[in-house]
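Student: I have a structure open on my screen and would like to talk through its side chains with you. Shall we go step by step?

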Amino acid sequence: MTTMEAINHLAGLDVKCRMLETERDMLREELKVKERQGIDAAKFYAVAMTTEEVAKFHGVSAVRVRDYAHRGLIPQHPNSTDGKMLFRASEVLKLNFDELRKVKKILAR
């Protein structure tokens, strides 16, 4: 490699570093906006939701919610009984039923 090629290579690396720094700064700003606009799920820790409420909130059937809860994929509220399942709203807000379905398929294997 000639001196000129080395200088050109270093200049290219410098440009890439500056672009990455700019991108990093933009991502940090975007994260700050999301944090300001987001919901702190922990605020809903003490709120209990029924199976039907969870199902309606996520647009799934109550049967699916019960199935996933029985499989241990959705943690139940400590006040749940044999007759009535309850779930912490803080957990319900974080549920992703597409991901739960994938986990259920993996566990079925």
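**Contacts, pairs and bridges**

Tutor: Happy to! Let's begin with a side chain whose polar atom lies 2.9 Å from the backbone oxygen of histidine 77: that of serine 80. Please keep in mind that this is a predicted model.

Student: Where is serine 80 found?

Tutor: Serine 80 is not short of neighbours to orient you: leaving aside residues up to four places away in sequence, it touches Met85 and Leu86. As for its place in the chain, serine 80 sits in the loop between H3 and strand E2 (86-88).

Student: Which side chain makes a polar contact with the side chain of serine 80?

Tutor: The backbone oxygen of histidine 77 is one partner to set aside here, as you asked for a side chain. The side-chain contact has a distance of 3.5 Å, and the partner is glutamine 76.

Student: Thanks! Moving on to rings, how many aromatic pairs does the structure hold, and is the pair of tyrosine 68 and phenylalanine 97 stacked or edge-to-face?

Tutor: The structure holds one aromatic pair. The ring centres of tyrosine 68 and phenylalanine 97 are 5.7 Å apart, and their planes meet at 25 degrees. Planes under 30 degrees apart count as stacked. The angle of 25 degrees therefore makes this pair stacked.

Student: Which helices does that pair link?

Tutor: The two residues are 29 residues apart, so the pair links distant parts of the chain. Tyrosine 68 belongs to helix H3 (residues 62-70), and phenylalanine 97 belongs to helix H5 (residues 97-108). The helices you want are H3 and H5.

Student: Are tyrosine 68 and phenylalanine 97 buried or exposed?

Tutor: Buried means under 20% relative accessible area. Tyrosine 68 has 2%, and phenylalanine 97 has 8%. Tyrosine 68 counts as buried, and phenylalanine 97 is likewise buried.

Student: Which residue lies over the face of tyrosine 45?

Tutor: Here we look for a charge above a ring. The distance from the ring centre of tyrosine 45 is 3.8 Å, and the residue is arginine 88.

Student: On to charged pairs. Why does the salt bridge of lysine 104 and aspartate 67 tie together parts that are apart in sequence?

Tutor: Side chains of opposite charge can pair when their charged atoms come close. In the bridge between lysine 104 and aspartate 67, the closest N and O atoms are 2.8 Å apart. Lysine 104 lies in helix H5 and aspartate 67 in helix H3, so the bridge joins parts whose separation in sequence is 37 residues.

Student: Which residues are linked with Asp67 in a network of salt bridges?

Tutor: A search of the whole structure finds nine salt bridges. Lysine 104, partly exposed at 26%, bridges to aspartate 67, which is partly exposed at 22%. The network links Asp67 with Arg71 and Lys104.

Student: How many residues apart are glutamate 29 and lysine 32 in helix H1?

Tutor: These two form a salt bridge, with the closest N and O atoms 3.6 Å apart. Glutamate 29 is partly exposed at 45%, and lysine 32 is partly exposed at 42%. In helix H1 (residues 3-37) they are separated by about one helical turn, being three residues apart.

Student: Which residue forms a salt bridge with glutamate 99?

Tutor: The partner lies with glutamate 99 in helix H5, three residues away, about one turn of the helix. The closest N and O atoms are 3.7 Å apart, and the partner is lysine 102.

Student: Which residues of helix H2 are buried, and what arc do they cover?

Tutor: The buried residues of helix H2 (residues 51-58) are Thr51, Val54 and Ala55. They lie on the same side of H2, because the arc they cover around the axis is only 100 degrees.

Student: Which residues does threonine 51 touch?

Tutor: Threonine 51 lies in helix H2 and is buried at 3% relative accessible area. The cover over the buried residues of H2 includes strand E1 (48-50), H3, E2, helix H4 (89-92) and H5. Not counting residues up to four places away in sequence, threonine 51 touches Ala62, Val65, Arg66, Met85 and Phe87.

Note on methods:
Residues are numbered from 1 along each chain as its sequence is written. This is a predicted model: local features need pLDDT of at least 70, side-chain atom pairs count only at pLDDT 80 or more; totals for chains, interfaces and linings use all residues. Side-chain values use heavy atoms; hydrogens and water are left out. Rings of Phe, Tyr and Trp (its six-membered ring) pair if their centres lie within 6.5 Å; planes under 30 degrees apart count as stacked, over 60 as edge-to-face and the rest as tilted. Helices (H or I, at least four residues) and strands (E, at least two) are DSSP runs, numbered from the N terminus. Buried means under 20% relative accessible area, exposed over 50%, partly exposed in between (1.4 Å probe, protein chains only). A charge sits over a ring if NZ of Lys or CZ of Arg is within 6 Å of the ring centre and within 35 degrees of the ring normal. A polar contact is a pair of N or O atoms within 3.5 Å; within protein, one must be able to donate a hydrogen and the other to accept it, and residues adjacent in sequence count only if both atoms are side-chain atoms. Contact means heavy atoms within 4.5 Å. A salt bridge is a side-chain nitrogen of Lys or Arg within 4 Å of a carboxyl oxygen of Asp or Glu. The arc is that of the directions from the helix axis to the C-beta atoms.
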